[in-house]
Amino acid sequence: MNLSLDAILNNGLLFDVCGLIGLSLIALAAIKLARRYRSWGGTMMAAGAICLLIGRIFLLLAPHVIDDKFLYAAGPIGIGLTIALPPLLLSFGLAGVVWGLWGHERWLNEESH
C-alpha cells in the first residue's frame, strides 16, 4: 500500500484535530478582523467560520453520540435534523466565509477611495 495513503487511513484523528485547529484559527482571525475594522464582511466571515467549526465537530462526534436509543427518543423530526444539520452548517459556513471575504475586501476598497 502507498505510504501516504496508509498514514491518512491510520492517522485520521490527527488530521481531524489539525482541521479543527485550522478552523478555530480561521474563526479567531475573522473575529479579530471584525472587531478591529467593524466591517460586516468580517462579521459574516466569523459567523461562517463558526458554522464550519460546529458542523465539523458535529460530524466528528455524531458516530460516538448518536445511537439507536437516541434516534428513537428524537423521533422523526430529530432524525431529520441529525441528517440535515451537518450539510446545512457546512454549506452556510462556507458561503459565509466566502461572502465575508468578498464583503470585507469591498468595504476596504470603499474606505480607501
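1. Buried means under 20% relative accessible area, exposed means over 50%, and partly exposed is in between, using a 1.4 Å probe and protein chains only. By that yardstick histidine 64 is exposed, because its relative accessible area is 69%. Histidine 64 sits in helix H3. Its C-alpha is 19 Å from that of cysteine 18, and the two are 46 residues apart in sequence.

2. A quick word on what you're looking at: this is a predicted model, where local features need pLDDT of at least 70, side-chain atom pairs count only at pLDDT 80 or more, and totals for chains, interfaces and linings use all residues. Residues are numbered from 1 along each chain as its sequence is written, and side-chain values use heavy atoms, with hydrogens and water left out.

3. Now the fold. The chain has four helices and zero strands, so the order from the N terminus reads α-α-α-α, where helices (H or I, at least four residues) and strands (E, at least two) are DSSP runs numbered from the N terminus.

4. On overall shape, the radius of gyration is 18 Å, whereas a compact globule of 113 residues would have one near 13 Å. That radius is taken over C-alpha atoms, and the globule rule is 2.2 Å times the number of residues to the power 0.38. Along the principal axes, the C-alpha atoms fill a box of roughly 60 × 45 × 20 Å. Of the 113 residues, 26% count as buried.

5. Contacts next, meaning heavy atoms within 4.5 Å. Taking the contacts with a separation of 6 or more, 73% come from residues 24 or more positions apart.

6. How do H3 and H4 meet? Helix H3 (residues 40-65) and helix H4 (residues 68-112) have axes that come within 7 Å and cross at roughly 150°. Those axes are lines fitted to C-alpha atoms, for helices over the stretch in contact, and the angles run from 0 to 180 degrees between N-to-C directions. The residues of the contact of H3 with H4 divide into 21 nonpolar, 10 polar and one charged. For that split, Ala, Val, Leu, Ile, Met, Phe, Trp, Tyr, Cys and Pro count as nonpolar, Asp, Glu, Lys and Arg as charged, and the others, Gly among them, as polar.

7. How many salt bridges does the structure hold? There are two, a salt bridge being a side-chain nitrogen of Lys or Arg within 4 Å of a carboxyl oxygen of Asp or Glu. Side chains of opposite charge can pair when their charged atoms come close.

8. One of the two joins arginine 56 and aspartate 16, at 2.6 Å from N to O. Arginine 56 is in helix H3 and aspartate 16 in helix H2 (residues 12-37), so this pair ties together parts that are 40 residues apart in sequence. Arginine 56 counts as partly exposed, because its relative accessibility is 29%. Leaving aside neighbours within four places in sequence, aspartate 16 is in contact with Arg56 and Leu60. Aspartate 16 and glycine 100 are 84 residues apart in sequence, with 25 Å from C-alpha to C-alpha.

9. The other pairs arginine 106 with glutamate 110, at 3.6 Å from N to O. Both lie in helix H4, four residues apart, which is about one turn of the helix. Arginine 106 counts as partly exposed, because its relative accessibility is 41%.

10. Is tryptophan 107 buried or exposed? Tryptophan 107 counts as buried, because its relative accessibility is 19%. This residue lies in helix H4. Not counting residues up to four places away in sequence, tryptophan 107 touches Tyr37 and Ser39. Glycine 55 is 52 residues from tryptophan 107 along the chain, and their C-alpha atoms are separated by 28 Å.
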